[in-house]
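Me: I'm new to this structure and would like a close look at one part of it. Could you walk me through the aromatic rings and what sits around them?

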Amino acid sequence: MARTFQGRTVVPGRAQAPALVSHEGFNTLASYQMALMFGDKKVKCGDQNNRDIYKQPMFGVALCLPQTIGSTTGGMVFYTAGAMGKLPACMCFSKPIDSLAAAGVILADVWTDSHMPVVDSLGDEFLEYVRTGMTVTVSEDGTVTVE
Amino acid sequence: MKLTPEQQAILDGERGEVPAKVMKTLVMYGETFGAETMVPVTGRLGHTVISFGINAMKPVYDLYDRLLEAGMEFRQPFTADPLPLDRNVPSNLLQDLVFRQFMYKQQGRYEDQLRRMGMTSDRDFTCACYFDQVGNIPEKGDVLSWAESSAVSYANSVLGARCNRNSGIIDVFGSAVGYVPCFGLLTDEGRRASWVVEVRTTRRPEAQLLGSAVGMKVMEDVPYIRGLDTWLGTELNADARAYLKDFGAAAASNGAVGLYHVEHLTPEAVEQGEGLILPDAQVYVVDDAELDRVRASYPVMWKDPDAEPKLCFIGCPHLTMEQLADWTKKLEQGLKETGREKVTVPTVFTTAPAVLEEFNRGPYSVRLRKTGVILSYICPLMYMNNPLSKKMPVITNSNKLRTYTSARYYTDGEVLDILTGKEAK
């Protein structure tokens, strides 16, 4: 059954992709470091502390997460992934976006050719409902449909 | 967002396309957090978290080339985080090859960019830019464009400056245009505490363990800490400042704390007292049992948990002069008690280049080197963040290093016992 959640648009746009769900804070540097260093085309998550998505491909997915955590290099990591064309299809935050992720997705949007819609404040219920592999559709107005 | 005519002119491209995009980035960043204005950066110097020319981040240096090639004016000089490489630090041939020929291939290019963008000096690579010997010490109330999480925490909490937990690149952008969006920790309301932490331990809590506990509990919120003055006193002397440096680094990395207040000690807590606490603040009690619980929750990331340590890092964040002297005396005493001359594990102490120079001129330098300890200016995180170092059993007293790498955390006392041979790992 499809369910719709209303969030706030951080980077506008539309996308549809399979969900990859991290219930824990997403450590941006730890998740991307090895994939960027070794040119991994699937961009598999390298954060061994994240049991939900460790070793799961992050390219082309709807990354569903509460917030990002970790090093303040996080923003430049998203920017780099954007410049290399290795960002997820979209990002859906259950909580208000944190300053490091916001910086990163805005840097990628303004300075690279990538386009990754980002929605935040979808609520805890969103993260409880969505499962890895479900189809996530993001609309311009911040509506996110999960089915 | 309401911009001043000058800010609007930059955004409209009157100074060129690249400064306009820099301003657009900062405006979008601020609007995401409800900022209504951009405020001038008033601190004398900036500080950037990016100090490494890592090959995987090549697009970042390409971006900086775009700023430089466009003739972008960098309004504020800045210091930077520690360098990633130092030949004094033990490494094997394979590590040397990987570090220099692969991982940090962009290092020379990036250091050249830093000089051209306004890096103050080749001596100013440190996470603790606020040390007297480095001199990037903001005044109370200064607005900053910094990103290094431990330095942001120290500047906000101990010095009373105002800075958000920015990302790398954003820090340089703010220094370049001289404005940052006004939200969060730049506002009076954003600096009020939504947590009260009651410290009820029976002994002085380990700074990096207490910081870890507080960070994990309050995450990005502002805590008001009671009871710590029992152990630190009410004067921000060298001992208290070093403690808060380590506490803040742990709280910032184990959580996302950018500002904390310590009752009767930190400047805003002294001035405003409990007026800083929000009416619905939650309470977190930290006693000996809670610290034990937090400590026991740390996963051991070593492949063989019983391995003998191959390396020890002390100095994340960088050590103060007083900490270097204190460790020297304790190591000498410990080694004397066990009848040894040298530490039992290859050990690296890290500090700012300017502190290193001053330390090397004083009496403790020779004494510390006699114990076998290696002094360096590097960032231990940079050394550890690669597949080769990840496999090494490394010990540390740094909760930040533990969080981001496979290094294993021990308290200062435990590290001392291991290094002096009083206790096998």
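Reply: Happy to! Over all chains, the structure, which is a predicted model, holds 20 aromatic pairs. Let's begin with one in chain A. Tyr32(A) and Phe78(A) make an edge-to-face pair, with 5.9 Å from centre to centre and 70° between the planes. Tyr32(A) belongs to helix 1 (residues 28–37) of chain A and Phe78(A) to helix 2 (residues 74–83) of chain A, so their pairing ties together parts that lie 46 residues apart in sequence. As for their surroundings, Tyr32(A) and Phe78(A) are both buried.

Now over to chain B. The ring centres of Tyr298(B) and Tyr409(B) are 5.8 Å apart and the planes stand at 90°; because an angle over 60 degrees counts as edge-to-face, this pair is edge-to-face. Distant parts of the chain are linked here: Tyr298(B) is in the loop between helix 12 (288–296) and strand 9 (311–319) of chain B, while Tyr409(B) is in strand 13 (residues 408–409) of chain B, 111 residues apart. Tyr298(B) and Tyr409(B) are both buried.

Tyr298(B) has a charged partner as well: the charged end of Arg402(B) sits over the Tyr298(B) ring, 3.6 Å from its centre. A similar arrangement involves both chains, with the charged end of Lys21(B) placed over the ring of Trp111(A), 5.0 Å from the centre of that ring.

Finally, rings can also gather in a group. In chain B, one aromatic cluster is formed by Phe99(B), Tyr104(B), Phe313(B) and Tyr383(B).

Key
Residues numbered from 1 in each chain as written. Chains lettered and ligands numbered in written order. Predicted model: local features only at pLDDT ≥ 70, side-chain atom pairs only at ≥ 80, totals over all residues. Heavy atoms only, no water. Phe/Tyr/Trp six-rings, centres within 6.5 Å; stacked < 30°, edge-to-face > 60°. Helix = DSSP H or I, 4+ residues; strand = E, 2+ residues; numbered from the N terminus. Buried < 20%, exposed > 50% of the residue type's maximum accessible area, 1.4 Å probe, protein only. Lys NZ or Arg CZ within 6 Å of the ring centre and 35° of its normal.
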